[in-house]
Amino acid sequence: MSVHVKQDDGHIGWSNGNVEIAYDLGSGRASVKGGNGFVLSGIHAVVKLSEGKIYDSAEAGKGVGAMEDLQDGFGRGNLLTVSFACDFGRTLVQKFYCYENLPYLVTEVCLEAEERIGSGEILVLGAEGVSCPQGEDMRFLFAPFDNDDFVRYAALPLDEIRESYELGAVYDSVTRNGMVAGSISHDVWKTGINGKKGTETALESFHVTAGVTSKLTRDTLPHGTVYGKKIASPKVFLGFYEDYRDGLEAFGRANGIVAPPLKWDRGIPVGWNSWAAVADEINYDIYTGTSDFIREKLQSKGYSAKGRVYINFDSFWNSLTEEQLTAAVKHVQNNGQIPGIYTTPFTFWGGDHTEGEVPGTDGKYRWRDILLKDEEGNILPPIDGGYSIDPTHPGNQMRMKQELENFRKWGFRYVKMDFMAHGAVEGIHYDEQITTGIAAYNFGMRQINELLADELERQDFFISLSIAPIFPGQYAHGRRISCDAFGTIDWTEYMLNSLSYGWWLNENVYRFNDPDHVVLYNSYNHREATMFYEGLSRYFAAVVAGTMLLDSDDFREEKARERAEEILTNQEILDVARAGRTFRPVEGNTGERACDSFVRLDEDGSCCLAVFNFSAEEKKQMELSLARIGLEEGTDYLVKDLWSKEETKARNMLTISLEEAQPKLLRIVRA
C-alpha cells in the first residue's frame with residue numbers, strides 16, 4: 001500500500017494503510033490506529049529522573065515534528081521524530097519507526113541533556129485509552145520474565161490483567177483479531193506491559209514501561225539507574241493483526257532482526273540427558289552404559305538428526321574424577337556420539353560457605369568477593385537456594401574461562417547452562433559502568449560467547465539455556481521453554497502451556513525451543529512407571545515444540561529400554577521433529593492451562609496436527625473445524641495417524657477420540 005505523510009504547524013501523521021499514526025504536537029499526545037480496528041489514543045511518553053524530575057510529553061509544551069526517510073533491517077519507511085524543549089537545556093524525544101507494508105511500528109523515547117543524568121524508569125508507550133473491535137472473548141496475554149518457579153503464561157480475561165514482561169497482547173480468542181506490543185531490544189532494561197480494563201471492548205490504559213522489577217523478575221531491589229547525557233529506552237514493537245498468532249511471530253522476527261539468533265544448521269539436538277533419569281546418582285557406568293544402549297538400540301534405528309546424537313551430563317557430573325570424565329568422553333565419541341556437560345555460570349551453591357577460593361583465580365578471589373550485593377555491601381538473598389554471582393566481576397570471568405577451557409580440553413561440545421536468571425538480578429556490580437541486571441547479563445553472556453568464539457563460528461559447540469530470562473536470546477542456540485517437566489500427563493500439560501503462548505520463540509529468538517528432556521517411562525523423583533500414553537504424550541509434546549529432543553530415562557531398567565525402543569524409532573514422527581519447525585496453538589483461550597491442539601501448516605497445503613488429552617482418568621472426544629486449523633472448507637482430506645498408521649477421510653470437521661492421556665499426531669493431506 002502507498003504511504004501517506006501529513007504535516008502542518010500543529011500535527012504530523014503517517015499511514016501505510018495497515019497502521020496509522022497521528023501526532024498532536026500541541027498536546028504532546030498521539031493516536032495509533034491499526035488496520036484491524038484497534039485504536040490507541042492519548043499516547044504519551046514519560047522519563048523519570050533519579051534526581052526527582054519527571055518529563056512528560058503531555059506536559060512539555062508544543063513539540064517539534066520531523067519526518068525523514070528510513071531504511072534498516074526492517075525495511076523502507078519513515079522515521080517520525082517529535083522533540084520537546086524542556087528546562088535545564090534538556091530535550092525529550094519520541095521516535096516512531098514506520099515501515100512500508102508492515103502492520104506494525106517501532107517506538108522509542110530518549111532524554112538528552114548537557115550533563116550526566118540518570119533514570120530508572122521510562123514510560124515508552126503510554127496509551128490512556130484503547131478501543132478494541134467488538135469481540136466475543138477478549139484476552140490479555142501475560143508472559144513471565146523467565147521460566148523459573150513454574151510460572152505459567154496466561155491468556156487472561158481483560159478484568160484480570162496483570163503486568164506482563166517484555167511482551168503482551170490483546171486479542172479476541174474467537175476471531176483471533178489482536179494487538180501485540182513488547183520490547184525488541186534487550187541491552188539494558190527490563191520492560192513491563194500493563195493495562196486496565198474500561199469496558200468489554202475498551203481499555204482505560206495500556207502502558208509499556210522500561211524499568212520494572214518484581215518477585216517475578218527475581219529482584220529484591222528496584223531497577224538499576226541508567227546514566228548518561230542521553231538516556232534511551234528500549235525499542236518497542238506495536239503491531240496489529242487479524243490473527244494474533246501472526247502478530248506474535250512477527251514480534252519474534254523483529255527481535256531476531258535486532259539481535260539475530262545464534263546460527264545453527266546442523267540439525268536438532270537428539271540424544272539423552274541425565275537429570276530426570278538419575279539426577280545426583282550419575283556416574284561413569286550409567287553415562288557410558290546409556291551411550292552403549294542408545295548406539296545399539298536407538299541410533300542404529302534412526303534416532304539421530306543429521307547423523308548426530310548427544311549424550312549429556314547434567315548436574316553432579318563433578319562427582320566424577322577428571323580421568324573418568326575424559327574416559328567417558330572418549331567412550332561416547334567412539335560410539336559416534338557427541339558428549340555434553342552442565343554449568344551454572346552465575347550461581348553459587350555453597351550456602352554460607354563463602355570464604356572458599358573461586359576456582360580459576362589462583363587464590364585471588366573468594367566466593368564472597370564475586371557475589372552480587374546491594375548498596376550497603378550486603379550479599380543479596382538466595383534464589384532457588386543459590387546466590388547470584390556478579391557477571392561483571394573479574395573473579396567470575398576467570399572462573400568461567402577456566403571452566404569452559406576445561407570443557408573444550410575434555411572434549412565436550414554441548415553445554416547446558418542453568419539458573420541463568422541469577423545473572424540478570426538488580427544489584428551493585430563490580431563494573432561501575434554496568435548499572436542494571438540485564439546489562440550485566442549481556443556482559444556475562446558476551447564473555448561466554450567470546451570464550452567459545454571459534455567453536456561457535458564452526459558450529460562445533462551447542463549452547464542450551466535452562467532457567468533463563470526469555471530475552472536477550474542471541475547468545476544461545478536453545479532455551480528451555482518451561483521449567484522442569486517430567487513424565488506424567490500433568491507435566492506434559494504444564495510444558496505445553498509454555499508452547500501455547502511461546503511457540504514463536506523458535507527460530508526467531510532462539511534457533512530451538514527446548515521442551516525439556518523427555519521422560520518416557522519414569523524419573524528419579526517419580527519411580528512409578530507412567531502409563532504408556534503418558535510417555536507418548538510427553539514425546540509428542542517435544543516433537544511439536546521446534547525442537548530439542550533429548551530423552552531422560554534410566555536405561556538400567558528393562559521396561560524403560562523397551563519403551564524407548566518402541567517410541568523413539570518411528571521415522572515418520574522423527575521426521576516431524578527433525579524439521580525443526582514449531583507447531584502453533586489452535587486456540588488461545590486457555591487461561592493458565594495449555595491448548596490441547598497444535599498445528600503446523602506446510603507449503604503444499606497439508607498440515608500436521610497434534611492433539612492431547614490431559615486427563616489420566618477420562619477419555620476425550622474432540623470436534624475440530626478444518627477451517628479453524630487452517631485448511632480449506634469444502635475440500636476432502638486424507639488423515640493419517642503417524643503412530644497407529646490408521647487412515648481416515650475428513651471434510652470440514654474432524655472427529656477425534658482419545659483414551660486417557662492419549663495423544664495423536666496426524667498428517668492431513670488433500671485426498
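Okay, let me start with one residue pair: L638 has K649 as its bridge partner over in β36. One thing up front, this is a predicted model. That pair belongs to strands β35, residues 636-641, and β36, residues 647-651, which run antiparallel and share 5 bridges. Together β35 and β36 make a hairpin with 5 residues between them, and in the turn K645 has a positive phi, about 75 degrees.

Now jump to the other end of the numbering, where there are more hairpins to look at. Strand β1, residues 4-7, is joined to β2 by 4 bridges, antiparallel again. K6 is paired there with G13 of β2, and 3 residues separate the two strands of that hairpin. Then β2 carries on to β3, residues 19-24, with 5 antiparallel bridges. Here S15 sits opposite E20 of β3. This hairpin also has 3 residues between its strands, and G17 in the turn has a positive phi of about 90 degrees. So how much of β2 is buried? Well, β2 covers residues 11-15, and 4 of its 5 residues are buried.

On to the parallel sheet. It's open, it has 8 strands, and the order reads β29-β28-β27-β26-β23-β22-β21-β30. At the edges you find β29 (512-514) and β30 (549-551), each pairing on one side only. On average, neighbouring strands in this sheet are turned by 25 degrees against each other, ignoring direction. If you want one pairing to zoom in on, take β26 (residues 414-417) and β27 (residues 462-465): they're parallel, with 4 bridges, and V415 faces I463 of β27.

Next, aromatics. Searching the whole structure turns up 38 aromatic pairs. One of them is F313 with F412: the ring centres are 6.2 Å apart and the planes are at 70 degrees, so we call it edge-to-face. What does that pair tie together? F313 is in the loop between β22 (310-312) and α4 (322-334), while F412 is in the loop between α6 (394-410) and β26, so the contact links parts 99 residues apart in sequence. F313 is buried, at 0% relative accessibility, and F412 is buried at 0% too. There's also a cluster linked by ring pairs, made up of F74, Y99, Y104, F237, F251, F471 and W504.

F251 takes us to helix α1, where it is one of the buried residues. The helix runs over residues 244-258, 15 residues in total, and spans 21 Å from first C-alpha to last, close to the 21 Å expected at 1.5 Å a residue. Is α1 mostly covered or mostly open? Mostly covered: 11 of the 15 residues are buried. The elements covering those buried residues include β12 (138-142), β15 (167-172), β16 (178-183), β20 (236-241) and β31 (584-585). And at the start of the helix, a side-chain oxygen of D243 comes to within 2.9 Å of the backbone nitrogen of R245.

Last stop is T488, in the loop between β28 (478-480) and α9 (489-502). T488 is at 14% relative accessibility, and the cut-off for buried is under 20%, so T488 counts as buried. Its side chain makes a polar contact of 2.3 Å with the side chain of D490. Leaving out residues up to four places away in sequence, T488 touches H526, T530 and E534. That's my tour, thanks.

Definitions and conventions: Residues are numbered from 1 along each chain as its sequence is written. This is a predicted model: local features need pLDDT of at least 70, side-chain atom pairs count only at pLDDT 80 or more; totals for chains, interfaces and linings use all residues. Side-chain values use heavy atoms; hydrogens and water are left out. Two strands pair if DSSP finds at least two bridges between them. Axes are lines fitted to C-alpha atoms, for helices over the stretch in contact, and angles run from 0 to 180 degrees between N-to-C directions. The expected span of a helix is 1.5 Å times one less than its number of residues. Buried means under 20% relative accessible area, exposed over 50%, partly exposed in between (1.4 Å probe, protein chains only). Contact means heavy atoms within 4.5 Å. A polar contact is a pair of N or O atoms within 3.5 Å; within protein, one must be able to donate a hydrogen and the other to accept it, and residues adjacent in sequence count only if both atoms are side-chain atoms. Rings of Phe, Tyr and Trp (its six-membered ring) pair if their centres lie within 6.5 Å; planes under 30 degrees apart count as stacked, over 60 as edge-to-face and the rest as tilted.
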